[in-house]
Amino acid sequence: MANSLADDIDDIICDPRTYGDEHRYHEVFAQLRREDPVHWTEPKDYRPFWAVTRHADIMAVELNAANFLNDPRQFLLTIADEEMLLAQTGSRNLARNLVAMDNPDHKAYRALTAAWFGAKSLKSLEDKVAALASETVDKLIATGGTCDFSQDVAAWYPLRTIMLVLGVPPEDEPLMLALSQKLFGNTDAETGGGDGAASMVDAQKAFADYFNKVTDDRRKNPRNDVATILATAEIDGQPIGEAERNAYYMIVAAAGHDTTSSAIAGGLLALLQNPGEMDKLRADPGLMANAADEFVRWTSPVKHFFRTAVSDCEVGGKAIKAGDQLMMCYPSGNRDEAAFAEPFAFRVDRPDAKKHIAFGYGPHLCLGNALAKMEIRMLFSELLARVDDIALAGAPAWVEANFVSGLKRLPISFRAR
Ligand code: HEM
């Protein structure tokens, strides 16, 4: 079918700069949804794949985990970076973590910590997270009326929360922050060093060194935290391997905060750009839970994950061959006109907000989704109760990275009550 997609659309889909400009991203992906929603993509520097851009198609693929595997490709890496990883680690995957696993391993490894991230366990964390939210707003107020909300506030609070869950001391937070920014913002010269997989491998080695020490400690001094669970974890009566253990720590440490920081900073920007929504939320704090989902839909901090087809099949009317790889474009699915009423309107009371797929879908659904939403609710409840006249004080800027990204600068002014 003829379409009017740009000649270099395949490169645009992968270009980190597309992700550093949210308007551009949504323009490109809205056109794909209209003209070629499951688009065969052959970019210059990456192995080819199908870009799956519609909500229903993404859900169908993710739900069928028997036919669409997570191994061997999880996210976009250039061919050069994949070759480098292969040479250095023997695998094109950065790490054998939950998102790189399929059943039966995925089920067994996920079960190790699932209870920790479930409702009962989160309930017991509520007071501690509320205290962190309050401390975070103290920190904001202490800046005196202007700050970079993204760096000074949003980056720190989810990090503190995940450190609490893991059981890592606060003095190690700057190291964790630097490493996970290196891991995700790796193509942005400002935040990651701009050297792709080399920077990821460095970050991974540093994470492993750090968590090997944590493991030694917890084996001697067990506590009630996720680090102790991972340090002592067994599957079928055997301790889990060092590589799997460190990959697990790393995914919890890294996936657990950059993402949530992006949803928080992007959520505030959306409220500032839609003052009527800010008014609604201030007037009715009961909307906070729905607003948290809308922030996550709106910002979709994880830009994609991949699946690989086991057998020939069809997705969105396209014939997919065994071995073909598919990129689930979450932010695009979350603006799909077929799934959401007026998807480009940001509304804290949107009735269909919970339909978003920013946390993925199916068996790999984000393990930390309830934790992330609790963090968002608690921070915004505290922020709106104690701070007035929040306004943009400069131009916002987004990280240029095609996997996980969000605002890197959000200058604001405000007045403490
Ligand atoms: C707004 C914040 C967050 C977003 C947008 C997000 C997004 C995602 C997405 C899209 C996936 C893949 C799902 C799929 O393939 O279907 C995922 C998986 C995962 N997330 Fe999150 N996440 C967030 C916060 C967190 C937090 C706070 C944690 C804390 C532990 C976390 C830990 C994980 C883990 C461990 C997985 C792998 C699950 C599996 O493969 O079974 N995430 N997340």
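Which side chains does a polar contact of 3.1 Å join? Hold that question while you set up the view. The model on your screen is predicted.

**Stop 1: the ligand**

Select the ligand. The ligand sits in the largest cavity. Helix 6 (105-114), helix 13 (242-255), helix 14 (258-273) and strand 7 (305-309) each give two or more residues to the shell around it. Show that shell as sticks. There are 29 residues around the ligand, and Glu62, His106, Arg110, His364 and Cys366 come nearest. Now colour the shell by residue type. You should find 19 nonpolar, 7 polar and 3 charged residues.

**Stop 2: the iron atom**

Zoom in on the iron atom of the ligand. Which protein donor does the iron atom have? Select Cys366: its SG is the only protein donor, at 2.2 Å. Trace the backbone around Cys366. This residue lies in the loop between helix 17 (330-333) and helix 18 (369-386).

**Stop 3: oxygen atoms of the ligand**

Stay with the ligand and pick out its oxygen atoms. Start with His106, where a polar side-chain atom lies 2.6 Å from a ligand oxygen. Go next to His364. An N or O atom of the His364 side chain is 2.7 Å from an oxygen atom of the ligand. Finish with Arg307, whose side chain places an N or O atom 2.8 Å from an oxygen atom of the ligand.

**Stop 4: strand 7**

Select Thr308, which is found in strand 7. Is Thr308 buried or exposed? Its relative accessibility is 10%, so Thr308 counts as buried. Buried means under 20%. Now add Gln325 and show both side chains. Here is the reply to the opening question: the 3.1 Å polar contact joins Thr308 and Gln325.

**Stop 5: helix 13**

Move to Met250, which is in helix 13. At 5% relative accessibility, Met250 counts as buried too. Draw a distance from the C-alpha atom of Met250 to that of Ala309. The two residues are 59 apart along the chain, and their C-alpha atoms are separated by 27 Å.

**Stop 6: helix 9**

Select residues 156-166, which form helix 9. Why is helix 9 described as largely enclosed by the rest of the structure? Because 9 of its 11 residues are buried. Colour the buried ones: Trp156, Tyr157, Pro158, Leu159, Thr161, Ile162, Met163, Val165 and Leu166. Then step just past the helix to Gly167. The backbone of Gly167 takes a positive phi of about 95°.

Definitions and conventions. Residues are numbered from 1 along each chain as its sequence is written. This is a predicted model: local features need pLDDT of at least 70, side-chain atom pairs count only at pLDDT 80 or more; totals for chains, interfaces and linings use all residues. Side-chain values use heavy atoms; hydrogens and water are left out. A residue is near a molecule or strand if one of its heavy atoms lies within 4 Å of it. A polar contact is a pair of N or O atoms within 3.5 Å; within protein, one must be able to donate a hydrogen and the other to accept it, and residues adjacent in sequence count only if both atoms are side-chain atoms. On a 1 Å grid over the protein atoms alone, a cavity is a set of points where a 1.4 Å probe fits but cannot get out, and a pocket is an open set with protein on both sides within 12 Å along at least five of seven lines; lining residues have an atom within 4 Å of a point. A molecule sits in a cavity or pocket if more than half of its atoms lie within 2 Å of its grid points. Helices (H or I, at least four residues) and strands (E, at least two) are DSSP runs, numbered from the N terminus. Ala, Val, Leu, Ile, Met, Phe, Trp, Tyr, Cys and Pro count as nonpolar, Asp, Glu, Lys and Arg as charged, and the others, Gly among them, as polar. Donors are N, O and S atoms within 2.8 Å of the metal (3.2 Å for Na, K and Ca); water is not among the atoms, so sites may look incomplete. Buried means under 20% relative accessible area, exposed over 50%, partly exposed in between (1.4 Å probe, protein chains only).
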